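Hi,

Here is the structure I promised to pass on. Have a look at it first, then read on for what turned up.

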Amino acid sequence: MINDMKMGIRLLRYGYGIKTNLVLLIVCTVVDMLCFALELAGITTPLDGYMLLACAMIPVQILFSLNAVDIVLASPVRKKLQTSVPTVMSLCATLAAYLIIALKKAVIVLIYPDKTAQSAMHLVFLGFLAAVILAFTGVLYKSFPAFLVMCFSLSGFNSFFMMPILRSDFLGEDMGSLVRGALIGVALSLAGGALEYALSVLFYKKPVSKRVLGERLSREL
């Protein structure tokens, strides 16, 4: 696992679209900081937590661009670069982002104790969302239809499932509920990582979709 992470980090410098993805990373981070500032001011935002989860996927997107290059496809580490390496990177990045989100929620709850139950359930929802994104990542870069399904289904998923979850006080209204919500979210993320790895192993022989990676990259390759 550590070796896979080291390999992924070393190879990031050779990926395509690094500058574009770094700009996207900065934009998502700034938006997340603005959302947190609004939360501190007592204004709830619909993007709370989403931007950091999006940031977690950017390194994997850069890494997967290498899997469309012939010399990489012919290398003995091809299977690792399409299975264990991206799984470890996306899971670790997601867990790190989720930890930051949980800490931010703890700060919000300290300022606004009446938001404890809502924050706890929001952590559960974001954990489930992280699991869905991770699972999709296992096949996302191999199938353009899967990419479209993920892009267009997340908004609907948010509309139909988020609001009922946030209205629930299933975990309670004490500070412990925040911890319970975070633990459930971590467990869901780990399950999503396991699904990502299983799907990536199942589909690793399928060619990487250049349509998913982008038209510019398709022309360069």
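**Helix 7 and what surrounds it**

Of the 25 residues in helix 7, 21 are buried, so this helix is largely enclosed by the rest of the structure. Before going further, please keep in mind that this is a predicted model.

Helix 7 covers residues 116–140, and its length checks out: at 1.5 Å a residue it should span 36 Å, and the C-alpha atoms at its ends are 35 Å apart, which agrees.

Now for the overall picture. The protein has 11 helices and 0 strands, so if you read the elements from the N terminus on, you get α-α-α-α-α-α-α-α-α-α-α. Buried residues account for 45% of its 221 residues. The accessible surface comes to about 11,500 Å², and carbon and sulfur atoms hold 72% of that. As for contacts, take those between residues at least 6 apart in sequence: 81% of them join residues at least 24 apart.

Next, the inside. The largest nonpolar core has 24 residues, and the members that touch the most others are L53, I101, L123, L126 and L129. Two or more residues each come from helix 3 (50–64), helix 6, helix 7 and helix 9 (175–203). Which of the helices gives the most to this core? That is helix 7, with 8 residues.

I101 is a good place to zoom in. Leaving aside residues up to four places away in sequence, I101 touches G49, L52, L53, L123 and L126. There is also another core, lying apart from the largest one, with 13 residues. Among its members are V60, L63, F64 and Y141.

Last, the charged side chains. How many salt bridges does the structure hold? Just 1, and it is where the side chains of K104 and D32 meet, at 2.7 Å from N to O. K104 sits in helix 6 (residues 84–111) and D32 in helix 2 (residues 18–40), so the pair ties together parts that are 72 residues apart in sequence. Are these two residues buried or exposed? Both K104 and D32 are buried. As background, side chains of opposite charge can pair when their charged atoms come close.

If you want a route through the model, start at helix 7, which is largely enclosed by the rest of the structure, then go to I101 and its contact with L123 and L126, and finish at the salt bridge between K104 and D32.

Cheers

Terms used. Residues are numbered from 1 along each chain as its sequence is written. This is a predicted model: local features need pLDDT of at least 70, side-chain atom pairs count only at pLDDT 80 or more; totals for chains, interfaces and linings use all residues. Side-chain values use heavy atoms; hydrogens and water are left out. A salt bridge is a side-chain nitrogen of Lys or Arg within 4 Å of a carboxyl oxygen of Asp or Glu. Helices (H or I, at least four residues) and strands (E, at least two) are DSSP runs, numbered from the N terminus. Buried means under 20% relative accessible area, exposed over 50%, partly exposed in between (1.4 Å probe, protein chains only). Contact means heavy atoms within 4.5 Å. Accessible areas come from the Shrake-Rupley method with a 1.4 Å probe; for residues, only the protein chains shown count as cover. The expected span of a helix is 1.5 Å times one less than its number of residues. A nonpolar core is a set of buried Ala, Val, Leu, Ile, Met, Phe, Trp, Tyr and Cys residues joined through side-chain atoms within 4.5 Å.
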